[in-house]
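Reader: I'd like to learn how to read a fold like this one from the bench side. Could you walk me through it?

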Amino acid sequence: MAHAGVAARTLATDTIAAVSSGTGAAAVAVIRLSGPRVGEAVRALAGRLPPPRRASLARLADSRTGEGLDSALVLWFPGPASATGEDMAELQVHGGRAVVAAVLAALFAQPGVRPAERGEFSRRAFLNGRMSLAEAEGLADLIAAETAQQRRQALAHAFGHLADRVEAWRGALVRGMALVEAGIDFAEEDDVPAQARALARPGLEALLAELDAALADRRGAMVREGAAIAIAGRPNAGKSSLMNALAARDVAIVSDEPGTTRDVLEVALDLDGHKATLIDTAGLREASGAVEAEGIRRARARIDAADLVLWVHDAGIAGEIVPDIATPPGAEIWVVANKSDLAAAPTTTPGAARILAVSARTGAGLGALTGALAAFVAARAGGAEHPALIRERQRGAVGEAADHLRRALAGWEALSDELVAEELRLAARALGRVTGAIDVEDLLDVVFREFCIGK
């Protein structure tokens, strides 16, 4: 995708290099170069340029001293048919730290070659029209993916599925604008303006419905950020023990002393390929001091923002279980009757979607609880590998486009053709910020600083 007005004024004049295969000793390390002086730098170290896109074995030497550095595979990718749109090369060297450091030092000694900044290779690819901004964000998410579902979703974005969808939305807006502007061009004709508007409106109404549906769909954000599962309950119910059991490691301090958990603790879980964040909160009771009161305040705030609340109850305490919290909007409350090895769990309780009996001490019931959690998260994030708005930046731009389109349709009869066309133009411009089809220089630092060096 070309980005008019961006690539033309940001052509690189320097050449960058970085290790793109990660840090630490390894069998092989990949050093990438991109920029106008890549060919000269490779010749200086390898003595020649290999045929394009063919791996060639070469002995690398420091051009300053003639000292041998390594035996490496060298690949040469002339621009613009390269990942960044510029001349590129890869040096596949042995992965020892001393080897990598020596090769990088020899490269940086070449005129015009400097270390790459975070995300600079991908940023150059965007500026040279090799990927859209949405594809770049998908690539960043793919690198950071921790679960299979995150990988699938990020891969869809990196392959341009979201960009294609947004461009289809922009196309629908452009068609609507063309019809409205036809009415402006032929304003002296009695029937043309009214007929043009009549033709434009159904498509724009359908587009607005599609934008609203995409904004209402939070599945993609849940896959990327993970479902928030809060563990709540009264003191000494076994919340921290349950946290440790589900995390399969000692995350929280377990003690018989009430009020041990003062702050919110979090741990990431992979539930059958879905990401979730498990949140241990302070026991809810009348606080005995200012520190505990602050912990309880933070606990209630995290509970209110959770997708699911596990209300942990001591099964040994008889009587009706009534969670001391309101159900967060769009969330559920489950009662987890802990210490089921000591007493039978209740069969019904008001205010909870379901009851599960477990013993954090013996592990009884934990498998069923984990399976239920995985099913809950999978249901909430189901189908989210398809193109979806997963970042707040994307949602903000599409939301702005929907607002402009809504204003145009609301004033369809009252507004002039010129004002309707302007609202549609602003809507198309907002959508353009999702893919970078318009000048988005102010957003680039925010987007590309998420990348690692070498990408």
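Author: Let's go through the sheets, the helix contacts and a few single residues, one at a time. Keep in mind that this is a predicted model.

Reader: Okay, sheets to begin with. In what order do the strands of the open sheet that holds β3 and β6 run?

Author: To read a sheet, list its strands by who sits beside whom. Here six strands make an open sheet in the order β3-β4-β5-β2-β1-β6, and the pairing is mixed. β3 (56-61) and β6 (113-115) are the edge strands, each pairing on one side only. From one strand to the next, the twist averages 30°.

Reader: How many bridges hold β3 and β4 together, and in which sense do they pair?

Author: β3 and β4 (residues 68-77) are antiparallel partners, joined over six bridges. If you want a spot to click on, L57 has L73 in β4 as its bridge partner.

Reader: Which helices pack on that sheet?

Author: For this, look at which strands a helix touches and then at its direction. Helix α1 (residues 38-46) packs on the sheet and touches β1 (15-19), β2, β3, β4, β5 (88-95) and β6. The direction of α1 makes about 75° with that of β3. Helix α3 (residues 120-127) packs on the sheet too, touching β1, β2, β5 and β6. For α3, the angle to the direction of β1 is about 135°.

Reader: R32 caught my eye. Where is R32 found, and is R32 buried or exposed?

Author: R32 is in strand β2 (residues 26-34). The cut-off for buried is under 20% relative accessible area, so R32, at 10%, counts as buried. The UniProt record, an unreviewed entry, has a "binding site" annotation covering R32, E90, R130 and K455.

Reader: On to the sheet with β8 and β12. Why is one side of β8 and of β12 left without a neighbour in the sheet?

Author: Start with the order again: β8-β9-β7-β10-β11-β12, an open sheet of six strands with mixed pairing. β8 (265-271) and β12 (354-357) stand at the edges with a single partner strand each, so one side of each has no neighbour in the sheet. Ignoring direction, neighbouring strands here are turned by 25° against each other on average.

Reader: How do β7 and β10 run, and how many bridges join them?

Author: β7 (residues 227-233) and β10 (residues 308-314) run parallel, with five bridges joining them. On that pair, G233 stands opposite V312 in β10. Helix α11 (residues 366-380) packs on this sheet, touching β7, β8, β9 (274-280), β10, β11 (332-338) and β12. The direction of α11 makes about 170° with that of β11.

Reader: What does T277 touch in this region?

Author: T277 lies in strand β9 and is buried, with a relative accessible area of 16%. Leaving out residues up to four places away in sequence, T277 touches E225, A227, A228, I229, E266 and V267.

Reader: Now helix against helix. At what angle do α9 and α11 pack?

Author: Get the angle, then the residues that make the contact. α9 (residues 239-247) and α11 pack at about 75°, their axes 11 Å apart, so the two are roughly perpendicular to each other. L242, A245 and L246 of α9 meet L366, L369, T370 and L373 of α11. By class, that contact has six nonpolar residues, one polar and no charged ones.

Reader: Where is S240, and what does the UniProt annotation cover along with S240?

Author: S240 sits in helix α9 and counts as buried at 10% relative accessibility. In the unreviewed UniProt entry, "binding site" covers S240 and T261.

Reader: And G363?

Author: G363 is in the loop between β12 and α11, and is partly exposed at a relative accessible area of 30%. Along the chain G363 and A245 are 118 residues apart, yet their C-alpha atoms are separated by 7.4 Å.

Reader: One last pair: are α12 and α13 roughly parallel or antiparallel?

Author: Helix α12 (residues 392-410) and helix α13 (residues 417-435) pack at about 170°, with axes 8 Å apart, so they are roughly antiparallel. Among the contact residues are A397, A401 and L405 of α12 and L424, A427 and L431 of α13. The contact divides into 12 nonpolar, two polar and five charged residues.

Technical notes. Residues are numbered from 1 along each chain as its sequence is written. This is a predicted model: local features need pLDDT of at least 70, side-chain atom pairs count only at pLDDT 80 or more; totals for chains, interfaces and linings use all residues. Side-chain values use heavy atoms; hydrogens and water are left out. Two strands pair if DSSP finds at least two bridges between them. Helices (H or I, at least four residues) and strands (E, at least two) are DSSP runs, numbered from the N terminus. Axes are lines fitted to C-alpha atoms, for helices over the stretch in contact, and angles run from 0 to 180 degrees between N-to-C directions. Contact means heavy atoms within 4.5 Å. Buried means under 20% relative accessible area, exposed over 50%, partly exposed in between (1.4 Å probe, protein chains only). Angles under 35 degrees count as roughly parallel, over 145 as roughly antiparallel, 65 to 115 as roughly perpendicular and the rest as oblique. Ala, Val, Leu, Ile, Met, Phe, Trp, Tyr, Cys and Pro count as nonpolar, Asp, Glu, Lys and Arg as charged, and the others, Gly among them, as polar. UniProt positions are given in the numbering used here, feature names are shortened, and annotations may be inferred rather than shown by experiment.
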